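Me: I'd like to learn how to read a structure like a structural biologist would. Can you walk me through it, feature by feature?

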Amino acid sequence: MNKVTIFPMNSTYIDSYYPNRNFFKLDKLEIDNYCNHKRYTLLNFPLSVCDRTHCMKWYLYLPLSNINYCYDNNLISVSIVYGAIKYNSITYNTIDNFTIYNFCYFTIDKKDIYRNYVLIEISPLVYNCIEKGQSFINIIIGAKNDYFNLSFDKNNLSEIPKLIVNDSSCNNPYDNRNCY
């Protein structure tokens, strides 16, 4: 196996301005931070699609074609949410009922914006879920900088966050020249 792309089984966003509203049926996902008005995107991916016995690199792929920003470097957070989330009813007020493990902060810079995507290695997150016997992973993505907005069209597979699973011998999942 060189590279496998995994699309989310479920996705939605939660909004601090509408803390009791669910956005599952909308065709978009949002990551936003504007004057303490925050939106977080939640994604649910299956983990059973890949052979777990091999050493793999797992990446979260974020397309950046619909980014609005104010700073040169924008800090986003990537965390996992433990538990079975009901994506058709989750809200900003109910996310606190779940255990959230803060994994990392990642800077989106001008190079990433020019390239139109960013890859974030999340292998430790995935292996942690696999060791706990989970067959899925829930990822929550948020913005740390004010005046930041990133949106995704749920109906356009090229414009939605996804997981890229790659042999660990490969440095970049989009550069198969180094893969065997």
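Reply: Sure, we'll go through salt bridges, a buried polar residue, a helix and the nonpolar cores. Keep in mind that this is a predicted model.

Me: Let's start with charges. How many salt bridges does the structure hold?

Reply: The count comes to six. For each one, look at the N to O distance and then at where the partners sit. Take Asp-15 and Arg-39, whose side chains meet in a salt bridge at 2.7 Å, N to O. Asp-15 belongs to strand E2 (residues 10-15) and Arg-39 to strand E4 (residues 37-46), so this pair ties together parts 24 residues apart in sequence.

Me: Are Asp-15 and Arg-39 buried or exposed?

Reply: Both Asp-15 and Arg-39 are buried. They also belong to a network of salt bridges that links Asp-15, Lys-28, Glu-30, Asp-32 and Arg-39.

Me: Which residue does Glu-121 form a salt bridge with?

Reply: Its partner is Lys-57, with the closest N and O atoms 3.6 Å apart. This pair links distant parts of the chain, Glu-121 being in strand E9 and Lys-57 in strand E5, 64 residues apart. For burial, check the relative accessibility: Glu-121 is at 33%, so it counts as partly exposed. Lys-57 has a relative accessible area of 26% and is partly exposed too.

Me: And how far apart are the closest N and O atoms of Asp-112 and Arg-115?

Reply: In that salt bridge they are 2.6 Å apart. Here the sequence spacing is the thing to read: the two residues are three apart in helix H1 (residues 110-115), so about one helical turn separates them. Asp-112 counts as buried because its relative accessibility is 5%, while Arg-115, at 35%, counts as partly exposed.

Me: What about a polar residue without a charge? Which side chain does the side chain of Asn-149 make a polar contact with?

Reply: When a polar side chain is buried, ask what it pairs with. Asn-149 sits in strand E11 (residues 148-153). With a relative accessible area of 15%, Asn-149 is under the 20% cut-off, so it is buried. Its side chain makes a polar contact of 3.2 Å with the side chain of Asp-32. Setting aside residues up to four places away in sequence, Asn-149 touches Glu-30, Ile-31, Asp-32, Arg-39, Asn-66, Ile-67 and Asn-68.

Me: Now helices. Which residues of helix H2 are buried?

Reply: In H2 (residues 123-131), they are Ser-123, Leu-125, Val-126, Cys-129 and Ile-130. Then look down the axis: the buried residues of H2 fall within an arc of 160 degrees, so they line one face of the helix. Next, find what that face packs against: strands E5 (56-63), E7 (74-82), E8 (99-108), E9 (117-121) and E10 (136-143). Check the end as well, as Gly-133, just after H2, takes a positive phi of about 80 degrees.

Me: Last one: which residues touch the most other members of the largest nonpolar core?

Reply: The general idea is that nonpolar side chains tend to be buried together in soluble globular proteins. The largest core here has 36 residues, and Trp-58, Leu-60, Ile-120, Ile-122, Ile-137, Ile-139 and Leu-163 touch the most other members. Zoom in on Ile-122: leaving aside neighbours within four places in sequence, it contacts residues including Trp-58, Val-78, Phe-103 and Leu-163. There is also a second, separate core of nine residues, among them Leu-42, Tyr-87, Ile-90 and Ile-95.

How values were computed
Residues are numbered from 1 along each chain as its sequence is written. This is a predicted model: local features need pLDDT of at least 70, side-chain atom pairs count only at pLDDT 80 or more; totals for chains, interfaces and linings use all residues. Side-chain values use heavy atoms; hydrogens and water are left out. Buried means under 20% relative accessible area, exposed over 50%, partly exposed in between (1.4 Å probe, protein chains only). Helices (H or I, at least four residues) and strands (E, at least two) are DSSP runs, numbered from the N terminus. The arc is that of the directions from the helix axis to the C-beta atoms. Contact means heavy atoms within 4.5 Å. A polar contact is a pair of N or O atoms within 3.5 Å; within protein, one must be able to donate a hydrogen and the other to accept it, and residues adjacent in sequence count only if both atoms are side-chain atoms. A nonpolar core is a set of buried Ala, Val, Leu, Ile, Met, Phe, Trp, Tyr and Cys residues joined through side-chain atoms within 4.5 Å. A salt bridge is a side-chain nitrogen of Lys or Arg within 4 Å of a carboxyl oxygen of Asp or Glu.
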